[in-house]
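Q: I should like to learn how helix packing and residue burial are read from a model. Could we work through one case together?

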Amino acid sequence: MTPETIGLVMVGAMLFAIFIGFPISFTLLFLGIVFGYLGFGNLVFYLLTLQFNATMMEQTLAAVPLFVFMGIMMEQANLMERLFTSVQKMLANTRGSLFLAVMFVATIFAAATGIVGASVTILGIMAGKPMIRSGYDVKLSSGLITAGGTLGILLPPSIMLVVMGPVLEVPVTTLFAAAILPGILLATLFTSYAMIRCWINPALGPPLAPEFHATSKAEIWRDFFAGLVPPAALILASLGSILFGLATPTEGAGCGAVGALLLTLAYRRLTWKNFSEALIKTLEISVLILFLVAASNFFGAVFARLGTPTMLTEFLLGLELNAYVILAMIMAAIFLLGWPLEWVPIVLIVVPFLLPLVESLGFDKTWFGILVAVNLQTAWLSPPVALSAYFLKGVVPDWQLSDIYMGMMQFMGLQLLGLVLIIIFPEIALWLPQVMYGD
């Protein structure tokens, strides 16, 4: 058996093991050692040491636990609830006002946390009951909440982009800049769709019930600025310092983590119990991601050493298909893999396999990374896994899971529309990095 064929068998074994439920990290580690030893002998153990050491020395990845801690503390500070309440009261007499409030808060919260599960859960808690009492359409409401929550993996400081940067060998700052306009594009598509539906059929989003109206304008503006200014200042201090080159991603993440801790303390939400739970949750998430990064780097290095990526690249290029046809095939494969898998294994396992092909086709790696990020947002809305549906159902039990699924499918279509627009108009992703860094 040739080394290239061994690589194909290794990938098949990896997919089979993941689909039947084996832990991804240990599966990659075990298969890398076994098939690497079959392919090139004792060299695999040197490769194992080298790849794990390289991962531990990657300074950018130190931003992962800091951004995770920042997001968890922002969630505990409870700022979003005050902001949502003020926006809904401000627009109480507007048709579909809760849709506008959900997307406004979802966009702010996505930039502040980057954690999809937290965003969907909090949006569901805040908006679920007002939407039910005001007679909002269940499918449109649930679809908007879950779609808004997925913006957290695209808008910086996205943990996914921090992990993807070293994989693509693209600066994280460039990916952050490239993700801003696509994120705004998707938020605009989601909001426009909901508001157009309400304009066509006012029963989908009627004005709010009288009990949700404000007692005074002073109350509205006080809550609005109290909810908006602190997270906005935190985002500008953390993300702005990174984008404008004043701090590295790790330094900016550190500033964000300290700022989130101080905000939680200032709003009197910091207790020893909350703090210890945040630290434990940060440790759990960070270890999961970072160990998977190391294991996938080793697995990918074995795969590359066997020569299989080169063989597959030469095979696809030999078909003499149009470059964009091959790109469509790649995007379709990622879209389908997003149904059973989360973004972590796709970014760390699938993307490195595809990178030689992408480079051979002459595509910009920053642009490709944003396409992957937008594509992977659909993983949170696509059955049978669709974790966002279960997050939302857990906090809004009155909504049927079938209705939530139907609502999510509408917005998954809008995500795919956004993906197509970024393919047709690459400047949506590339304009801002070019302006800021000349990349």
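A: Let us begin with handedness, bearing in mind that this model is predicted. Helix α10 passes helix α17 in a right-handed crossing.

Q: Which residues of α10 and α17 meet?

A: On the α10 side they are T174, L175, A178, A179, P182 and L186, and on the α17 side T366, I370, V374 and Q377. Sorted by class, this contact of α10 with α17 comprises seven nonpolar, three polar and no charged residues.

Q: What describes the geometry of two packed helices?

A: The description consists of the angle between the two axes and the distance between them. In this case, the axes of α10 (residues 172–200) and α17 (residues 365–377) come within 10 Å and cross at roughly 45°. The helices α10 and α17 are therefore oblique to each other.

Q: At what angle do the axes of α15 and α17 cross?

A: The crossing angle is roughly 35°, and the axes of α15 (residues 323–337) and α17 come within 9 Å. The crossing in which α15 passes α17 is right-handed. From α15, the contact draws on Y324, L327, I330, M331, I334 and F335, while α17 supplies W367, F368, L371, V372, N375 and L376. By class, 11 nonpolar residues, one polar residue and no charged residues make up the contact of α15 with α17.

Q: Where does T378 lie, and is T378 buried or exposed?

A: Burial is judged from relative accessible area, with under 20% counting as buried. T378 belongs to the loop between α17 and α18 (387–395). Because its relative accessibility is 1%, T378 counts as buried. When neighbours within four places in sequence are left aside, T378 is in contact with F335, M412, Q415 and L416.

Q: Q415 appears among those contacts of T378. Which residues does Q415 itself touch?

A: Q415 is located in helix α19 (residues 401–424). Not counting residues up to four places away in sequence, Q415 touches T150, L186, F190, V374, Q377, T378 and L381. Among these, L186 in α10 and V374 and Q377 in α17 also take part in the contact between those two helices. With a relative accessible area of 0%, Q415 is buried.

Q: How should S241 be read in the same manner, and how far apart are S241 and S286 in space?

A: One may consider place, accessibility, contacts and separation in turn. S241 sits in helix α11 (residues 217–243). A relative accessibility of 12% means that S241 counts as buried. Apart from neighbours within four places in sequence, the contacts of S241 are L236, L246, A247 and G252. From C-alpha to C-alpha, S241 and S286 are 23 Å apart in space, with their positions 45 residues apart in sequence.

Q: What do the figures for the whole chain add?

A: They place the local features in context. The secondary structure comes to 20 helices and zero strands. Along the principal axes, the C-alpha trace spans about 75 × 45 × 45 Å. A compact globule of 439 residues would have a radius of gyration near 22 Å, and the chain, at 22 Å, agrees with this. Buried residues account for 56% of the 439 residues. Of the contacts with a separation of 6 or more, 81% are between residues 24 or more positions apart.

Methods:
Residues are numbered from 1 along each chain as its sequence is written. This is a predicted model: local features need pLDDT of at least 70, side-chain atom pairs count only at pLDDT 80 or more; totals for chains, interfaces and linings use all residues. Side-chain values use heavy atoms; hydrogens and water are left out. Axes are lines fitted to C-alpha atoms, for helices over the stretch in contact, and angles run from 0 to 180 degrees between N-to-C directions. Helices (H or I, at least four residues) and strands (E, at least two) are DSSP runs, numbered from the N terminus. Angles under 35 degrees count as roughly parallel, over 145 as roughly antiparallel, 65 to 115 as roughly perpendicular and the rest as oblique. A crossing is left-handed if the near helix is turned anticlockwise from the far one by less than a right angle, and right-handed if clockwise. Contact means heavy atoms within 4.5 Å. Ala, Val, Leu, Ile, Met, Phe, Trp, Tyr, Cys and Pro count as nonpolar, Asp, Glu, Lys and Arg as charged, and the others, Gly among them, as polar. The radius of gyration is taken over C-alpha atoms; the globule rule is 2.2 Å times the number of residues to the power 0.38. Buried means under 20% relative accessible area, exposed over 50%, partly exposed in between (1.4 Å probe, protein chains only).
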